[in-house]
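Trainee: Can we zoom in on one part of this model together? I'd like to start from a single turn and work outwards.

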Amino acid sequence: MVESELQRKVDALAGALGRSVAINDPSVRLLCASRHFGDEDAVRVRAMLQRSAGSEAIGHILAQGVTRWTGPGVIPPRPDLDMLARVSMPLRWRGTLLGLLMVIDPDGSLTAADLAAIKAAAEPMAALLYRDFLVADSERAAREDNLRKLLSGEPADRAGLAHDSATVLIAEVIDGESAWTEVALRTALEAATRGREPSFYVSGHQGVLLGGGDPEMIVRQVQDVLGGSARCVAGIGSGGRPWIARDRAATAVRAAATLPRFGGIARWEDLGAYATLLQIPAPARAQLPEPLLDLLAQDTSGRLVETLAAYLDHAGSSLDTAAALHIHRTSLYYRLHRIEEITGLDLGDGEHRLTLHLGLRLLPLVRD
């Protein structure tokens with residue numbers, strides 16, 4: 001077996017160095033490790049027990065640029081994580097990064113001969129990983145392709161696939177670029193599916209998870225890996241067939257990215273009118289009603305717009321609106337009169353109120 005051959009090579013290198021040796025995949029998920037020599041730290045113990053070093057440790061390792069190295073290099077310690085310094089060597093085969101060889105070296109005592117031994121061991125380890133990669137990658141690719149088809153809107157693509165009612169979560173990385181976006185998303189989604197069959201795929205800056213998960217945990221883990229270089233949001237859709245849940249999650253993630261009220265995590269059932277408005281193409285959404293544009297242009301303080309929003313949200317009740325704004329009703333009537341003057345609309349007319357209310361709902365979707 002590939003795994004046993006790789007394990008033997010890891011054990012042999014560990015014995016030659018007198019240090020514990022581990023191999024992680026490019027997402028810094030533990031693949032195999034030697035016995036310890038009293039040099040283990042909290043991060044290594046966690047990885048041995050949970051197959052994951054934790055999102056903060058992963059982010060720290062990747063932030064060093066380790067996957068671009070061409071030879072052994074040092075991962076500095078992180079005392080706040082109880083993480084000791086490590087020497088790491090990328091494992092590549094024909095240019096493809098397949099893993100990271102890690103040797104704990106807290107005092108920098110590995111010699112030039114030790115580093116040469118690490119480099120010499122790297123190539124045969126990479127060859128074994130490549131054999132495993134070809135099998136595992138084809139299986140993963142087939143699984144993810146089937147999931148894409150299931151969540152597709154094309155009937156021909158999902159023909160013959162099981163499709164019960166479902167929940168879908170979409171995590172999206174925004175406000176930043178990182179070479180490790182896919183790694184961050186896969187790390188978080190693998191953690192979310194630990195203990196069950198993986199049911200996600202990653203495409204660009206989005207990860208799509210069938211079956212749902214803990215959105216707060218997923219967002220936090222993505223941002224830990226990216227080290228604050230980007231923001232992650234999540235949208236959840238449920239009910240109906242999987243492709244319907246996927247479309248709802250796509251709308252919810254747009255709400256999470258656009259509307260501060262959702263705090264970066266939005267659920268379809270909480271969107272209200274935005275469930276419809278966010279499905280309008282962006283150029284059409286940008287066409288705000290002219291009367292509202294006139295009001296925005298003249299209301300430099302924003303007080304009249306705030307008053308209009310409160311009045312419409314309280315179904316035209318002057319009593320409730322005045323209470324919500326903490327103003328006297330006389331002041332409210334004055335502001336409403338000014339709004340009518342500027343917009344040329346009658347707030348007593350239902351169609352006019354609908355025009356303004358719709359424009360106010362669209363407003364946060366078109367503002368930067």
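How many residues sit between strand 4 and strand 5 in their hairpin, and which residue in the turn has a positive phi?

Mentor: Two residues separate strand 4 and strand 5 in the hairpin, and Arg-94 in the turn has the positive phi, about 55 degrees. Before we go on, some ground rules: this is a predicted model, where local features need pLDDT of at least 70, side-chain atom pairs count only at pLDDT 80 or more, and totals for chains, interfaces and linings use all residues. Residues are numbered from 1 along each chain as its sequence is written, and side-chain values use heavy atoms, with hydrogens and water left out.

Now the hairpin itself. Helices (H or I, at least four residues) and strands (E, at least two) are DSSP runs numbered from the N terminus, and two strands pair if DSSP finds at least two bridges between them. Strand 4 (86-93) and strand 5 (residues 96-104) pair in the antiparallel sense over eight bridges. One of the matches puts Pro-90 opposite Leu-100 of strand 5. Leu-100 also serves as bridge partner to Asn-24, which takes us to the other side of strand 5: strand 1 (residues 21-24) runs antiparallel to strand 5, joined by four bridges. In that pairing Ile-23 has Leu-101 as its bridge partner. Strand 5 is also mostly covered, with seven of its nine residues buried; "buried" means under 20% relative accessible area, exposed over 50%, and partly exposed in between (1.4 Å probe, protein chains only).

Step back and you get the whole sheet: five strands, open, in the order 2-1-5-4-3, with antiparallel pairing. Strand 2 and strand 3 (73-75) are the edges, each with a single partner strand, so one side of each has no neighbour in the sheet. On average, neighbouring strands here are turned by 30 degrees against each other, direction ignored; axes are lines fitted to C-alpha atoms, for helices over the stretch in contact, and angles run from 0 to 180 degrees between N-to-C directions.

Two helices meet this sheet. Helix 2 (residues 42-50) packs on it, touching strand 1, strand 2, strand 4 and strand 5, and its direction makes about 105 degrees with that of strand 2. Contact here means heavy atoms within 4.5 Å. Helix 4 lies across strand 1, strand 2, strand 4 and strand 5 too, running at about 45 degrees to strand 4.

Over at the edge, have a look at Cys-32, which sits in strand 2 (residues 30-33). Cys-32 counts as buried because its relative accessibility is 5%. Beyond its neighbours within four places in sequence, Cys-32 is in contact with Leu-6, Gln-7, Val-10, Ala-22, Ile-23 and Arg-51. There's Ile-23 again, the partner of Leu-101 in strand 5. The loop between strand 1 and strand 2 holds Ser-27, which is buried at a relative accessible area of 11%. Ser-27 touches Ile-58, Val-183 and Thr-187, not counting residues up to four places away in sequence.

One last thing: follow helix 4 (residues 112-151) onwards, and you'll find it lying across strand 6, strand 7 and strand 8, at about 90 degrees to strand 7. Those strands belong to another open sheet of five, ordered 7-8-6-9-10 with mixed pairing.
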